[in-house]
Amino acid sequence: MPSRLFPPGLFPPRLFEQPWPEGEYGLFQLGFVVDDVVAAATRWATVYGVGPFHVLPPVEQVCTYRGASSGINLQVGVAQAGPAQIELIQQRCDRPSIFRELAVTGQAGFHQLCTVTADYDGKRAFYSGLGYELACELTSADGIRVGYFDTVADFGFFTEVVEQTPRFLRQLANVAATCAQWDGTDPVRLLTRDGYRVP
């Protein structure tokens, strides 16, 4: 049976009321490193009315970190808040990573701004040309290239660049549509092959 976070009439307002942007867009996602993705998602839903959070299973990801071959185990949850997607990132291993670099024990920490681009190579060259190190780069299971540029000294956070594909844009649009229609039911959804389950 679905669980409902808010009693009728007490559902808090969303952070933003703007519609989901169409076409090419710039910085669309705010990423936070957290100690517990489910607990953090619950807090976001309770305090800010953002949800439902779509929590993916943990994944082991091969990457290049600070110029060396590496790997990382991550679990993420995402929800849409008006024009911005909120991503919560829990590192589930002790290996060095860009997520460990800015993590604050016991607290959520703002980590990255993210942009989606149809010209990944061009964006990669742009940020590198500005002198920002490509601190981490990986290719997702769907074949999407992702790069994290070290803009910390200038801005206090990393800049993430994600390669645009039709499938990825459909995934973003599906999350946004679900969040736009959300009535407070099942604020944290652990995704499964046939839908989701609640914690």
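Cys136 sits buried in this predicted model, with a relative accessible area of just 4%. Its sulfur has a cysteine neighbour, but not one it can bond to: the closest cysteine sulfur belongs to Cys63 and lies 4.1 Å away, too far for a bond. A disulfide would need the two sulfur atoms within 2.5 Å, so the Cys136 and Cys63 pair does not qualify. Cys114 is another buried cysteine, at a relative accessible area of 1%. The tally for the whole structure is zero disulfides.

Charged pairs are another story, with nine salt bridges in the structure. Side chains of opposite charge can pair when their charged atoms come close. Two of the bridges share Arg66. In one, the side chain of Arg66 meets that of Glu101, at 2.8 Å from N to O. This contact ties together distant parts of the chain: Glu101 belongs to helix α2 (residues 98–102), while Arg66 is in the loop that runs between β3 (59–65) and β4 (68–81), and the two are 35 residues apart. As for exposure, Glu101 is partly exposed, with a relative accessible area of 34%, and Arg66 is also partly exposed, at 28%.

The other bridge from Arg66 goes to Asp150, with an N to O distance of 2.9 Å. Here, too, distant parts of the chain are linked: Asp150 lies in the loop between β8 (145–149) and α4 (152–155), Arg66 in the loop between β3 and β4, and 84 residues separate them. Asp150 has a relative accessible area of 21%, which puts this residue in the partly exposed class, because buried means under 20%. These contacts belong to a wider arrangement, since a network of salt bridges links Arg66, Glu101 and Asp150 together with Glu133.

Elsewhere, Arg124 and Glu137 pair up through their side chains in a salt bridge of 3.0 Å, N to O. Arg124 is in helix α3 (residues 120–129) and Glu137 in strand β7 (residues 134–139), so this pair again connects distant parts of the chain, with the two positions 13 residues apart in numbering. Arg124 is partly exposed, its relative accessible area being 32%.

Put side by side, the cysteines and the charged residues give a simple picture. Cys114 and Cys136 are buried, and no disulfide is found. Arg66, Glu101 and Asp150, by contrast, are partly exposed and take part in a salt-bridge network.

Technical notes. Residues numbered from 1 in each chain as written. Predicted model: local features only at pLDDT ≥ 70, side-chain atom pairs only at ≥ 80, totals over all residues. Heavy atoms only, no water. Salt bridge = Lys/Arg side-chain N within 4 Å of Asp/Glu carboxyl O. Helix = DSSP H or I, 4+ residues; strand = E, 2+ residues; numbered from the N terminus. Buried < 20%, exposed > 50% of the residue type's maximum accessible area, 1.4 Å probe, protein only.
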